[in-house]
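Good morning, colleagues. I should like to take a few minutes to walk through one structure, beginning with its interior and ending with its charged pairs.

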Amino acid sequence: MSEQDLAKLAEECQTFINQRQSLMLGSLVAGSLSGVTAADAWPDVSYAPFIWRDGVFYVFISELAAHTRNLMASESTSVMFIEDEAGNRNPFARRRASFVCRALEVPRDALAFEPVLADLEDVFGSTVGVLKGLSDFRLFALQPVSGRYVVGFGKAYDIDTTDFSLRHVGPDDLKK
């Protein structure tokens, strides 16, 4: 695949992400299970509305939700965006983008907090203003450290999270 084709596919991937309002969120259950350490943590999956700014996914989530407590206990997380099943011809080959991320809480007194909340309110409306007034809601920046974009059988691409360029993943890459 040519560099031009890869660049076009990278733009398509970004458009794919930008067309979504929520992400699937994978986190690690540790502290909530008696005797389970972070090294032995169980995976948990949920979802959250998000915005994507400067290569970072932002979620504003309640401490009442298990995924928030999980992120507070471990910065290891992953996110996924997946094509809707409706209109997809083959469920084995749904378009998807996934990222391994580092979750960092953005404190309410941080410079970035108000601008990100304003962006969230622009996208999701007045609900964000109501949630902002609730002390259990926390803002997290999910910084991608690696990514993968899959567009069909044999069409998997690693995403360089620094410049969003793509590299085709072949069978030899999967043996590593």
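I shall speak about the nonpolar cores, one helix, and then the salt bridges.

Please bear in mind that this is a predicted model, in which local features need pLDDT of at least 70 and side-chain atom pairs count only at pLDDT 80 or more, while totals for chains, interfaces and linings use all residues. Residues are numbered from 1 along each chain as its sequence is written, and side-chain values use heavy atoms, with hydrogens and water left out.

Let me start with the cores. By a nonpolar core I mean a set of buried Ala, Val, Leu, Ile, Met, Phe, Trp, Tyr and Cys residues joined through side-chain atoms within 4.5 Å. Buried is under 20% relative accessible area, exposed is over 50%, and partly exposed is in between, with a 1.4 Å probe and protein chains only. The largest core has 29 residues, and those touching the most other members are Ile 17, Phe 57, Phe 81, Phe 99 and Leu 142. Two or more residues come from each of several elements, including α1 (3-18), β1 (22-29) and β7 (137-150); helices (H or I, at least four residues) and strands (E, at least two) are DSSP runs, numbered from the N terminus. Helix α1 gives the largest share, six residues. Apart from this core lies another, of 13 residues, with Phe 60 and Val 116 among them.

Next, helix α2, residues 66-73. Which of its residues are buried? They are His 67, Thr 68, Asn 70 and Leu 71. These four cover an arc of only 160° around the axis, taken from the directions from the helix axis to the C-beta atoms, so they lie on the same side of α2. They pack against β1, β2 (42-49), β4, β5, β6 and β7, where contact means heavy atoms within 4.5 Å.

Finally, the salt bridges. The criterion is a side-chain nitrogen of Lys or Arg within 4 Å of a carboxyl oxygen of Asp or Glu, and nine salt bridges satisfy it. In one of them, Asp 119 pairs with Arg 53, with the closest N and O atoms 3.2 Å apart. Asp 119 belongs to helix α3 and Arg 53 to strand β3, so this pair ties together parts that are 66 residues apart in sequence. Asp 119 is partly exposed at 23%, as is Arg 53 at 30%.

Another salt bridge joins Glu 105 and Arg 138, at 2.7 Å from N to O. Because Glu 105 sits in β6 and Arg 138 in β7, it links parts 33 residues apart in sequence. Through shared partners, Glu 63, Glu 105 and Arg 138 form one network.
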